[in-house]
Amino acid sequence: VVELKKGRASDAVVGQTLRYMSFVQEVLAEKDQVVKGIIIALEDDQRIRRALSMVPSIDFYRYQISFKLVKN
């Protein structure tokens, strides 16, 4: 399960991701499949880091955006 946030991810996103993971586990996954989660956001904070420290099945990644304008 991949949860992509356009800005800062709050600790509420952990619960949201767990709900999605539960749905996938119960409805979509096969019997022996393992469901994992990934949260991707521009920023995090201490609250989400603490929440995620208790949930090893969810990883967190920060994204970075850079672009360059080139005149033709």
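**Figure 1. Arg8 and its salt bridge to Glu43 in the predicted model.** Arg8 is exposed, with a relative accessible area of 54%. Its side chain meets that of Glu43 in a salt bridge, with an N to O distance of 2.9 Å. Arg8 lies in the loop between E1 and H1, whereas Glu43 belongs to the loop between E2 and H2, so the pair ties together parts that are 35 residues apart in sequence. Glu43 is partly exposed, its relative accessible area being 34%.

**Figure 2. The salt bridge between Lys5 and Glu3.** A search of the whole structure finds four salt bridges, and one of them joins the side chains of Lys5 and Glu3 at 2.9 Å, N to O. Lys5 is partly exposed, with a relative accessible area of 21%. Glu3, by contrast, is buried, with a relative accessible area of 10%; it counts as buried because this value is under 20%. Side chains of opposite charge can pair when their charged atoms come close.

**Figure 3. The salt bridge between Asp44 and Arg49.** The closest N and O atoms of Asp44 and Arg49 are 3.2 Å apart. Arg49 is partly exposed, with a relative accessible area of 41%. Residue 49 falls within helix H2 (46-53).

**Figure 4. Helix H1 and its buried side.** Helix H1 comprises residues 12-28. For its 17 residues, a rise of 1.5 Å a residue gives an expected span of 24 Å, and the end C-alpha atoms are 24 Å apart, which agrees. Val13, Val14, Gln16, Thr17 and Met21 of H1 are buried. They cover an arc of only 165° around the axis, which puts them on the same side of H1. An α-helix has 3.6 residues a turn, so residues three or four places apart point the same way. The buried residues of H1 pack against strand E1 (2-4), strand E2 (37-41), helix H2 (46-53) and strand E3 (58-62). On the other side of H1, Ala12, Arg19 and Glu26 are exposed.

**Figure 5. A nonpolar surface patch that includes Leu28.** Phe23, Val27 and Leu28 make a nonpolar surface patch of about 310 Å². Leu28 is found in helix H1. At 56% relative accessibility, Leu28 counts as exposed, because the value is over 50%.

**Figure 6. The surroundings of Gln25 in helix H1.** Gln25 counts as partly exposed, at 34% relative accessibility. Residues up to four places away in sequence being left out, Gln25 touches Gln33 and Val35. Ile40 is 15 residues from Gln25 in sequence, and the C-alpha atoms of the two are 21 Å apart in space.

**Figure 7. The surroundings of Asp59 in strand E3.** Asp59 is partly exposed, with a relative accessible area of 39%. With residues up to four places away in sequence not counted, Asp59 touches Gly37, Ile38 and Ile39. Strand E2 covers residues 37-41. Asp59 and Glu26 are 33 residues apart in sequence, and their C-alpha atoms are 21 Å apart in space. Glu26 is one of the exposed residues on the other side of H1.

How values were computed: Residues are numbered from 1 along each chain as its sequence is written. This is a predicted model: local features need pLDDT of at least 70, side-chain atom pairs count only at pLDDT 80 or more; totals for chains, interfaces and linings use all residues. Side-chain values use heavy atoms; hydrogens and water are left out. Patches are made of residues with over 30% relative accessible area and no salt bridge: like charges are joined within 9 Å, nonpolar side chains (Val, Leu, Ile, Met, Phe, Trp, Tyr) within 5 Å. Accessible areas come from the Shrake-Rupley method with a 1.4 Å probe; for residues, only the protein chains shown count as cover. Helices (H or I, at least four residues) and strands (E, at least two) are DSSP runs, numbered from the N terminus. Buried means under 20% relative accessible area, exposed over 50%, partly exposed in between (1.4 Å probe, protein chains only). The expected span of a helix is 1.5 Å times one less than its number of residues. The arc is that of the directions from the helix axis to the C-beta atoms. Contact means heavy atoms within 4.5 Å.
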